[in-house]
Amino acid sequence: MIDENGFRANVGIILCNEQKKLFWGHRIGHLDSWQFPQGGIDENETPLEAMFRELKEEIGLAPDDVEVLGHTQGWLKYHLPQKLVRKNNKHQCIGQKQIWFLLKHISLENSIVFDSTGSPEFDNWRWVDYWYPMNQVVQFKQQVYLDALSELAPTLFGASIPPRPCLKQHRERAAVSGFRPLYRMGLRRSRK
């Protein structure tokens, strides 16, 4: 759904574990592109319904695998770079407006899978420190990641929020030591 201002309604998912580390997924087919799960809200779907659908489609988790800890109070927006704006669409999408959900993973770690649909979004993942993603995601999403993490940090940490690093506006892509995408190794996580 694209609104009258050109923003596509979307949900973002911040999944944490018992140690308050965050799920950080590697996008399939991209050498060094990592992000949180996210996806569009379908017509006649609430943000909560969209979040559970995207959670299942992107990382194979069902509602029983997580506990919803909270969500952002309003829409957080980002603009797409001009090269990613589709000019031929009847309803031009200039960016995303997102409701972000903070979830706690309460099932077994091997419950995270990427092959629950025919077109997986991720091919690998790891747990990372809370503020790590804001300086590692693509630049045009950095501010919305900072805003979502900042708003939801008190829900996870209470008064003991870890110190936030500065937002690096022009980060260099850091190579992930020893990382090899699973699809390149002929492997893919699957439920067994």
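**Exercise 1. How many aromatic pairs does the count come to? Describe two of them and one cluster.**

*Solution.* Before counting, note that this is a predicted model, in which local features need pLDDT of at least 70 and side-chain atom pairs count only at pLDDT 80 or more, while totals for chains, interfaces and linings use all residues. Residues are numbered from 1 along each chain as its sequence is written, and side-chain values use heavy atoms, with hydrogens and water left out.

Step 1: state the rule. Rings of Phe, Tyr and Trp (for Trp, its six-membered ring) pair if their centres lie within 6.5 Å; planes under 30 degrees apart count as stacked, over 60 as edge-to-face, and the rest as tilted. By this rule the count is 13 aromatic pairs.

Step 2: take the pair of Trp24 and Phe36, which is edge-to-face, with 5.4 Å from centre to centre and 75° between the planes. The pair links distant parts of the chain, for Trp24 belongs to strand β2 whereas Phe36, 12 residues apart from it, sits in the loop between β3 (34–35) and β4 (38–40). Here helices (H or I, at least four residues) and strands (E, at least two) are DSSP runs, numbered from the N terminus. Both Trp24 and Phe36 are buried, where buried means under 20% relative accessible area, exposed over 50%, and partly exposed in between (1.4 Å probe, protein chains only).

Step 3: compare the geometry of Tyr130 and Trp131, whose ring centres are 5.0 Å apart and whose planes stand at 90°, so this pair too is edge-to-face. Tyr130 is buried, with a relative accessible area of 3%, and Trp131 counts as buried at 8%.

Step 4: note the cluster, in which Phe23, Phe114, Phe122, Trp125 and Trp127 are joined as one aromatic group.

**Exercise 2. Which elements give two or more residues to the largest nonpolar core, and where does Tyr130 make its contacts?**

*Solution.* Step 1: define the object as a set of buried Ala, Val, Leu, Ile, Met, Phe, Trp, Tyr and Cys residues joined through side-chain atoms within 4.5 Å. The largest such core has 29 residues, of which Ile14, Leu22, Phe36, Trp100, Tyr130, Tyr145 and Leu149 touch the most other members.

Step 2: assign the contributions. Two or more residues come from each of β1 (7–16), β2 (22–27), β6 (76–79), β7 (95–105) and α2 (142–157), and α2 gives the most, with 9 residues. A second, separate core of 20 residues includes Met51, Phe101, Phe114 and Trp127.

Step 3: list the partners of Tyr130, taking contact to mean heavy atoms within 4.5 Å. Leaving aside neighbours within four places in sequence, Tyr130 is in contact with Leu22, Leu149, Leu152, Ala153, Leu156 and Phe157.

**Exercise 3. Which side chains of β6 are buried and which are not, and in what sense do β6 and β7 pair?**

*Solution.* Step 1: recall that in a regular strand the side chains alternate between the two faces of the sheet. In β6, Leu76 and Tyr78 point to one face and are buried, whereas Lys77 and His79 point to the other and are not.

Step 2: examine the pairing, for which DSSP must find at least two bridges between two strands. β6 and β7 pair in the antiparallel sense over 4 bridges, and Tyr78 stands opposite Gln96 in β7.

Step 3: look for charges over rings, a case that requires NZ of Lys or CZ of Arg within 6 Å of the ring centre and within 35 degrees of the ring normal. Lys77 lies over the face of Phe7, at 4.9 Å from the ring centre, and Lys97 lies over the face of Trp75, at 4.8 Å.

**Exercise 4. Is Leu15 buried or exposed, and which residues does Leu15 touch?**

*Solution.* Step 1: locate Leu15 in strand β1, where its relative accessible area of 0% makes it buried.

Step 2: collect its contacts. Not counting residues up to four places away in sequence, Leu15 touches several residues, including Phe23, Ile59, Val66, Leu103, Ile112 and Trp127. The C-alpha atoms of Leu15 and Leu102 are separated by 6.0 Å, although these residues are 87 apart along the chain.

Key:
Contact = heavy atoms within 4.5 Å.
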